[in-house]
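Please read these points with the model open beside you. They are meant for someone new to looking at structures.

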Amino acid sequence: MSQGSTSAARTDEGAPPFLRLFGRYLRDQGLPVTSQREAVARVVFESDDHLSVDDIESALRETGERIGKATIYRTLDLLVRSRLVEEHDFGEGFKRYEHRLSNHPVHEHMICVECATVTEFESDELYKIENRVRAEYGFIPVRRRLEIYGLCEACQDAGVELTTEGLICPIEII
Ligand SMILES: [Zn+2]
Ligand SMILES: [Zn+2]
């Protein structure tokens, strides 16, 4: 990587598109584009998973980066504000993060209450519901969130059976 005279030049040099956008967001906010922030953002942008802070921390450790949890949290906060990354609360007692660069940027989630596996799906029906509320209530939908909790196929195959408590409050059995 060639050295530019400004952090802007350094960040834009061969960086993935989302990393460049994040760099631009930081500069617009008057915040420095630090290598630590870039490293955290890179982990999120390069993953197709719904990452916890622990996941991000261990991914950073694998690449030899030593970045404290406080910096990770702060960077994730900035990523969410930039709208490049979405934050999820799947009832596990911590947040998960995914970037919005995916092949299907609008998708919903199924969460297994046994193994916490998150599966994405798309739903045309939800667009119809949005159109209906728009027609019926004059409400303009901007975004939405649908999470379906249940038992994934792998867990069913492994003989796991749903308990009533699991359906009512997944957080308690995870
Ligand atoms: Zn499962
Ligand atoms: Zn997702």
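The points below take up helix packing, then a lone helix, then one loop residue.

1. This is a predicted model, in which local features need pLDDT of at least 70, side-chain atom pairs count only at pLDDT 80 or more, and totals for chains, interfaces and linings use all residues. Residues are numbered from 1 along each chain as its sequence is written, while chains are lettered from A and ligands numbered from 1 in the order in which they are written.

2. Start with helix 3 (residues 35–45) and helix 4 (residues 53–62), whose axes lie 10 Å apart and make an angle of about 110 degrees. Helices here are DSSP runs of H or I with at least four residues, strands are runs of E with at least two, and both are numbered from the N terminus. Axes are lines fitted to C-alpha atoms, for helices over the stretch in contact, with angles from 0 to 180 degrees between N-to-C directions. The angle makes helix 3 roughly perpendicular to helix 4 (65 to 115 degrees counts as roughly perpendicular).

3. Which residues make this contact? Helix 3 supplies Ala-39, Val-40, Val-43 and Val-44, and helix 4 supplies Ile-56, Ala-59 and Leu-60 (contact means C-beta atoms, placed from the backbone, within 7 Å). By class there are 7 nonpolar, no polar and no charged residues. Ala, Val, Leu, Ile, Met, Phe, Trp, Tyr, Cys and Pro count as nonpolar, Asp, Glu, Lys and Arg as charged, and the others, Gly among them, as polar.

4. Helix 3 also meets helix 5 (residues 69–81): their axes come within 9 Å and cross at roughly 65 degrees. That makes helix 3 roughly perpendicular to helix 5. Gln-36, Arg-37, Val-40, Ala-41 and Val-44 of helix 3 touch Thr-71, Ile-72, Thr-75 and Leu-79 of helix 5. This contact has 5 nonpolar, 3 polar and 1 charged residues.

5. Is helix 6 (residues 124–137) largely buried or in the open? Of its 14 residues, the number buried is 0, so helix 6 lies largely in the open. A residue is buried with 20 or more other C-beta atoms within 10 Å of its own, exposed with 12 or fewer, and partly exposed in between, the C-beta atoms being placed from the backbone. Just after helix 6, Gly-138 has a positive phi of about 65 degrees.

6. Ala-116 sits in the loop between strand 3 (108–112) and strand 4 (118–121). With 16 other C-beta atoms within 10 Å, Ala-116 is partly exposed. Ala-116 and Phe-90 are 26 residues apart in sequence and 8.7 Å apart in space, C-alpha to C-alpha.

Technical notes
Angles under 35 degrees count as roughly parallel, over 145 as roughly antiparallel, 65 to 115 as roughly perpendicular and the rest as oblique. Two residues are in contact if their C-beta atoms, placed from the backbone, lie within 7 Å.
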